[in-house]
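Please look through the structure shown below before reading on. The text after it goes from the overall form to single strands and residues.

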Amino acid sequence: VAPEETITTGADLLAVAGGLDRFSTLLATIDTTTLAETLRAEGPFTFFAPMNDAFEALPEEARDALLADADALSSLLQNHVVQGRVDLQTALAQGTLQTMSGNTLTVTAGENGAVLVDGFEVRRPDVAAGNGFLHAIDAFLFPPGNIRPPIIDETGVPVFNSRILTVVGTGEPGTTLVITLNGETFGTTTVEADGTWLVDRRLPDGEHTIIAYTLDENNIPIARSKPVILISPAP
């Protein structure tokens with residue numbers, strides 16, 4: 001545990017998170033939701049807690065809209081909470097976990113001993129609280145909805161000599177997408193009637209993580225693509 005972190009044995013999940021500086025955004029907003037009372041209750045619960053990085057990775061307009069809508073934030077965070085005290089190795093052995101929202105999280109082994117939840121690495125596992133376990137994760141676990149998540153076509157992201165990056169993919173027709181490059185908005189588009197979309201813009205050199213987010217009519221993020229890594233210029 002880093003020197004600036006103080007964990008109180010026997011404290012509830014939110015009190016434990018309060019001793020970890022990586023959860024300051026979550027703690028500044030969670031009391032506006034109905035989930036806060038649950039995470040302070042007897043439980044036990046297992047909370048895949050989104051770190052500050054999870055909020056910062058969202059497009060700015062999506063992050064602002066989510067933080068301003070307590071119901072949307074509560075609904076999203078319910079997909080991060082599992083009934084019972086489940087350590088990460090037990091979760092890995094089980095393979096799946098059912099969340100409070102009734103959805104299923106998939107737990108798999110990643111590289112170098114990492115454990116992935118719905119494809120995202122748990123950064124700090126098994127932080128014990130009096131009413132369960134907290135696992136730190138740097139991404140939101142979006143519940144499956146009535147729309148298909150956007151997909152980035154990894155074969156369709158060529159970098160042309162003009163330094164223009166074209167990102168193409170598929171998604172739910174008529175939905176609004178925001179494509180981010182290293183956490184910054186790269187472009188916004190609407191998925192065409194045939195389910196395809198495209199954005200393009202000049203690209204700086206370096207390694208880039210590209211993610212597409214689906215936003216609802218209130219700019220609330222409701223789905224996300226898998227990240228695509230691109231190195232420019234190509235080796």
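The paragraphs that follow take up the whole chain, then its sheets, then its core.

This is a predicted model. The protein has 235 residues, and a compact globule with that number would have a radius of gyration near 18 Å; the value here is 19 Å, which agrees. Along its principal axes the C-alpha trace spans about 60 × 40 × 35 Å. The accessible surface comes to about 11,100 Å², and carbon and sulfur atoms make up 48% of it. Of the 235 residues, 46% count as buried. Among contacts with a separation of 6 or more, 60% are between residues 24 or more positions apart.

The secondary structure consists of seven helices and 15 strands. Strands of a sheet pair through backbone hydrogen bonds, and the pairing is either parallel or antiparallel. Two open sheets are described here, one of seven strands and one of three.

In the sheet of seven strands, the order is β2-β1-β7-β6-β5-β4-β3, and the pairing is mixed. Its edge strands are β2, residues 81–83, and β3, residues 96–98, each of which pairs on one side only. From one strand to the next, the twist averages 30°.

Strand β1 is a good place to see the mixed pairing of this sheet. Toward β7, strand β1 runs parallel and is joined by six bridges. Toward β2, strand β1 runs antiparallel and is joined by three bridges. Phe 45 can be followed in both directions: its bridge partner in β7 is Gly 132, and in β2 it stands opposite Gln 83. Strand β7, residues 132–137, is also joined to β6, residues 120–129, by five bridges, and these two strands run antiparallel. In that pair, Val 127 stands opposite Leu 134.

Are the residues of β1 buried or exposed? Strand β1 covers residues 45–50, and six of its six residues are buried. In a regular strand the side chains alternate between the two faces of the sheet. In β1, Phe 45, Phe 47 and Ala 49 lie on one side, while Thr 46, Phe 48 and Pro 50 lie on the other. Both faces of β1 are covered, with the residues on each side buried.

The sheet of three strands has the order β8-β9-β12, and its pairing is antiparallel. Its edge strands are β8 and β12, each pairing on one side only. Strand β8, residues 151–152, is joined to β9, residues 164–170, by two bridges. Strand β9 pairs with β12, residues 196–202, over seven bridges. Thr 170 of β9 links the description of both pairs: Ile 151 stands opposite Thr 170, and the bridge partner of Thr 170 in β12 is Thr 196.

The last topic is the nonpolar core. Which members of the largest nonpolar core touch the most other members? This core has 38 residues, and the members in question are Phe 23, Leu 26, Leu 39, Phe 47, Leu 66, Leu 134 and Phe 140. Phe 47 has already appeared as a buried residue of β1, and Leu 134 as the residue of β7 opposite Val 127. Leu 26 touches Phe 47, Ala 49, Pro 50, Asn 52, Phe 55 and Leu 77, leaving aside residues up to four places away in sequence. Of these, Phe 47 and Ala 49 belong to one side of β1, and Pro 50 to the other.

Notes
Residues are numbered from 1 along each chain as its sequence is written. This is a predicted model: local features need pLDDT of at least 70, side-chain atom pairs count only at pLDDT 80 or more; totals for chains, interfaces and linings use all residues. Side-chain values use heavy atoms; hydrogens and water are left out. A nonpolar core is a set of buried Ala, Val, Leu, Ile, Met, Phe, Trp, Tyr and Cys residues joined through side-chain atoms within 4.5 Å. Buried means under 20% relative accessible area, exposed over 50%, partly exposed in between (1.4 Å probe, protein chains only). Contact means heavy atoms within 4.5 Å. Two strands pair if DSSP finds at least two bridges between them. Helices (H or I, at least four residues) and strands (E, at least two) are DSSP runs, numbered from the N terminus. Axes are lines fitted to C-alpha atoms, for helices over the stretch in contact, and angles run from 0 to 180 degrees between N-to-C directions. The radius of gyration is taken over C-alpha atoms; the globule rule is 2.2 Å times the number of residues to the power 0.38. Accessible areas come from the Shrake-Rupley method with a 1.4 Å probe; for residues, only the protein chains shown count as cover.
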